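Work through the exercises below with the sequence and the model open side by side. Try each task before reading its solution.

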Amino acid sequence: MIKRFSGLITAGLLAVMVVAGCGRRYRPPQIALPGQGGHPSLVLRFLAESDAERWKGRLVLDVDGPRARMLFLNPLNRVVMDLYVENDRALLVNRSRKRCWRGEFSILVQRVWQLQLAFSDLQRLLFDGIVPPALQRRSGIQVEMERDPASGLPRTLQLDDGTSNIRFTVLRRRHVGGRLDDPRDMAGMVDAELEEVISREN
């Protein structure tokens with residue numbers, strides 16, 4: 001029953017990402033000049049597979065201190081959904097449906113990607129190339145990483161627990177200007193269950 005429920009969520013999220021075309025167009029931010037401050041940003045391609053589902057997509061991940069933001073993009077380079085994370089607390093926003101979901105990042109990943117993963121672990125892996133020592137013991141996740149010879153930072157990252165896996169490919173690594181503020185344009189948003197937030201039905 002749990003696998004079936006997770007599969008429905010994953011399939012729904014994939015459908016949203018593929019067909020949604022009404023989101024705002026993603027505009028790359030300005031690169032921070034030396035000494036200007038700013039924060040690190042990654043453009044990623046991902047492929048997630050489990051016993052029942054296989055899906056892929058592209059996202060932009062920004063981290064600024066304890067705050068982070070993921071923008072899920074469709075093939076038309078439009079933002080399908082926004083995911084905000086602060087201290088492992090997540091806010092997933094579907095602006096076209098005026099719905100949002102709040103909860104632990106680890107719960108979201110478990111229900112969508114079927115992996116036990118905290119955001120702090122994902123951040124250390126992708127941005128620093130550091131494998132948290134307790135990750136395998138705590139979650140049973142095996143980590144494979146291909147590093148860039150020049151920087152030593154990850155080019156690709158694969159996480160596999162034996163039944164589900166996800167592979168990230170770093171398309172672009174950059175340092176951008178500005179700060180990550182609180183989520184904007186939340187007026188009229190309604191708190192909802194996760195499956196309602198990712199639904200493409202009106």
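The exercises that follow treat the sheet, the helices, an aromatic pair and the empty spaces in turn.

This is a predicted model, in which local features need pLDDT of at least 70 and side-chain atom pairs count only at pLDDT 80 or more, while totals for chains, interfaces and linings use all residues. Residues are numbered from 1 along each chain as its sequence is written, and side-chain values use heavy atoms, with hydrogens and water left out.

**Exercise 1. Write down the strand order of the open sheet and name its edge strands.**

Begin with the terms: helices (H or I, at least four residues) and strands (E, at least two) are DSSP runs numbered from the N terminus, and two strands pair if DSSP finds at least two bridges between them. On this basis the open sheet has ten strands in the order β7-β8-β9-β1-β2-β3-β4-β5-β6-β10, and the pairing is mixed. The edges are then β7 (142–147) and β10 (190–191), each of which pairs on one side only.

**Exercise 2. Describe how strand β1 is joined to β9 and to β2.**

Take β9 (residues 165–176) to start with: it runs antiparallel to β1 (residues 39–49), and eleven bridges join the two. Within this pairing, Leu-44 has Val-170 as its bridge partner, and Phe-46 has Phe-168. Turning to β2, the pairing with β1 is again antiparallel, over nine bridges, with Ser-41 standing opposite Asp-62. The connection from β1 to β2 is a hairpin through four residues.

**Exercise 3. Determine which strands helix α3 lies across, and at what angle it runs to β2.**

Axes are lines fitted to C-alpha atoms, for helices over the stretch in contact (heavy atoms within 4.5 Å), and angles run from 0 to 180 degrees between N-to-C directions. Helix α3 (residues 119–128) lies across β1, β2, β3, β4, β7, β8 (154–160) and β9, and its angle to β2 is about 90°.

**Exercise 4. Classify the ring pair formed by Phe-46 and Phe-72.**

Rings of Phe, Tyr and Trp (its six-membered ring) pair if their centres lie within 6.5 Å, and planes under 30 degrees apart count as stacked, over 60 as edge-to-face and the rest as tilted. The structure holds six aromatic pairs. For Phe-46 and Phe-72 the centres are 6.4 Å apart and the planes stand at 90°, so the pair is edge-to-face. This pair links distant parts of the chain, since Phe-46 belongs to strand β1 and Phe-72 to strand β3, 26 residues apart.

**Exercise 5. Characterise the largest pocket by its volume and its lining.**

A pocket is an open set of points on a 1 Å grid over the protein atoms alone, where a 1.4 Å probe fits, with protein on both sides within 12 Å along at least five of seven lines; lining residues have an atom within 4 Å of a point. Grid points are joined across faces, edges and corners, and a volume is the space filled by probe spheres set on the points. The largest pocket holds about 780 Å³. Its lining has 31 residues, with Arg-69, Tyr-84, Leu-180, Asp-181 and Asp-182 nearest the centre. Strand β4 gives the largest share of this lining, five residues.
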